[in-house]
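Reader: I've got this one open on my screen and I'd like a close look at one part of it. Could you walk me through the sheet and whatever packs around it?

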Amino acid sequence: NQRWVEYTGMPATFASDSDWYAAVYPEDLNRYLDSWHTSVAVAVPFEEEARFRGADGQYRWFMLRAVPLRDEQGSILRWYGIMTDIEDRKRAEQLQADLTHENRVNTMGEMVSSISHEVLQPILASTLHAESAVGFLDSDSPDLDEVRKAAKSCLEAGRRASSIIYHLRSLYKKTPPRREVVAVNDAVGDILELLRGEASLYGVSIRTELAAEAPAVFAVRVQVQQVLMNLMLNAI
């Protein structure tokens, strides 16, 4: 329509072809088209967010919705759509994400001593188990069962250190909010990995009673972890 022509600066004829693809932000195009093609294929209302370039060359976020118009037999005659400018909302969301990330980084900075202890502990354990394995191998008659046990313990300690570092990096990493399927029990376990040292520092023991079949939720994982971390820290 005329409003589309005014915003994009594209000729009206472009709207009927794939030429209008040039107005969509490249990183959003495939996601947008996949969603649209799915809606058309199964004849369900369409909803998607994407950035579109204006005549001034600047991109703005839009919420796009479309519904099919059907005849009396249920066949689709045409689609009606609307684009709503949500640039201000997106900027507010990004600002909130930045503030949340800053809060997370500050919190982790305050806990650096206990986290260092949590990481150092399995590394030291791994070193000790490795030294034990070498000691068994250097003996006149190596006890291979003991060597195997020491090697397995070394691996377990190494994996624990890697796990702690992985969870720590996921909290420090600054990424745009993205919803995904989150297993809440796993999120609880991730934060416990990081906070056991802080709890021990204050003489606090943590025990979990997690539902065996807790349903997964569709959420921003790092935000769920932030909430859990704040609750546990407050409790400690």
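Author: Here's a walk through the sheet, the helix on it and the aromatic rings around them. Keep in mind that this is a predicted model.

Let's start with the layout. The sheet is an open one with three strands in the order β1-β2-β3, paired antiparallel. β1 and β3 sit at the edges with a single partner strand each, so one side of each has no neighbour in the sheet. On average, neighbouring strands are turned by 30° against each other, if you ignore direction.

Now zoom in on β1 and β2. β1 covers residues 46-53 and β2 covers residues 59-70. Eight antiparallel bridges connect these two strands. Arg53 stands opposite Tyr59, and Phe52 has Arg60 as its bridge partner. Together the two strands make a hairpin with five residues between them, and in that turn Gly57 has a positive phi of about 90°. Although β1 is an edge strand, six of its eight residues are buried, so the rest of the structure largely encloses it.

Part of the company comes from α2, residues 26-42. This helix packs on the sheet and touches β1, β2 and β3, with its direction at about 150° to that of β1. Is its length what you'd expect? What should its 17 residues span at 1.5 Å a residue? The expected figure is 24 Å, and the end C-alpha atoms are 25 Å apart, which agrees. The buried residues of α2 are Asp28, Leu29, Tyr32, Leu33, Ser35 and Ser39, and the cover over them includes β1, β2 and β3. Take Ser39: with 6% relative accessibility, it counts as buried. Leaving out residues up to four places away in sequence, Ser39 touches Val44, Pro45, Phe46 and Trp79. Just past the end of the helix, Ala43 has a positive phi of about 55°.

Next, the core. Nonpolar side chains in soluble globular proteins tend to be buried together. Here the largest nonpolar core has 16 residues, and Trp4, Trp20, Tyr32, Phe52 and Leu64 touch the most other members. At least two of its residues come from each of α1 (2-8), α2, β1 and β2. Another core, of 14 residues, lies apart from it and includes Val119 and Met232. Back at the sheet, Leu64 has contacts beyond its neighbours within four places in sequence, among them Tyr32, Phe46, Phe52, Ile82 and Met83.

Finally, the rings. The whole structure holds 10 aromatic pairs. In one of them, Tyr7 and Phe62 have ring centres 5.2 Å apart and planes at 70°, so the pair is edge-to-face. Tyr7 belongs to helix α1 and Phe62 to strand β2, and 55 residues separate them along the chain. Both are buried: Tyr7 has a relative accessible area of 16%, while Phe62 is at 8% relative accessibility. Phe62 also pairs edge-to-face with Phe52, at 6.1 Å centre to centre and 90° between the planes. Since Phe52 is in β1 and Phe62 in β2, this pair ties together parts that are 10 residues apart in sequence. Phe52 is buried too, with 1% relative accessibility. Tyr7, Phe52 and Phe62 belong to one aromatic cluster, which also includes Trp4, Trp20, Tyr32, Phe46 and Trp79.

Notes: Residues are numbered from 1 along each chain as its sequence is written. This is a predicted model: local features need pLDDT of at least 70, side-chain atom pairs count only at pLDDT 80 or more; totals for chains, interfaces and linings use all residues. Side-chain values use heavy atoms; hydrogens and water are left out. Buried means under 20% relative accessible area, exposed over 50%, partly exposed in between (1.4 Å probe, protein chains only). Helices (H or I, at least four residues) and strands (E, at least two) are DSSP runs, numbered from the N terminus. Two strands pair if DSSP finds at least two bridges between them. A nonpolar core is a set of buried Ala, Val, Leu, Ile, Met, Phe, Trp, Tyr and Cys residues joined through side-chain atoms within 4.5 Å. Contact means heavy atoms within 4.5 Å. The expected span of a helix is 1.5 Å times one less than its number of residues. Axes are lines fitted to C-alpha atoms, for helices over the stretch in contact, and angles run from 0 to 180 degrees between N-to-C directions. Rings of Phe, Tyr and Trp (its six-membered ring) pair if their centres lie within 6.5 Å; planes under 30 degrees apart count as stacked, over 60 as edge-to-face and the rest as tilted.
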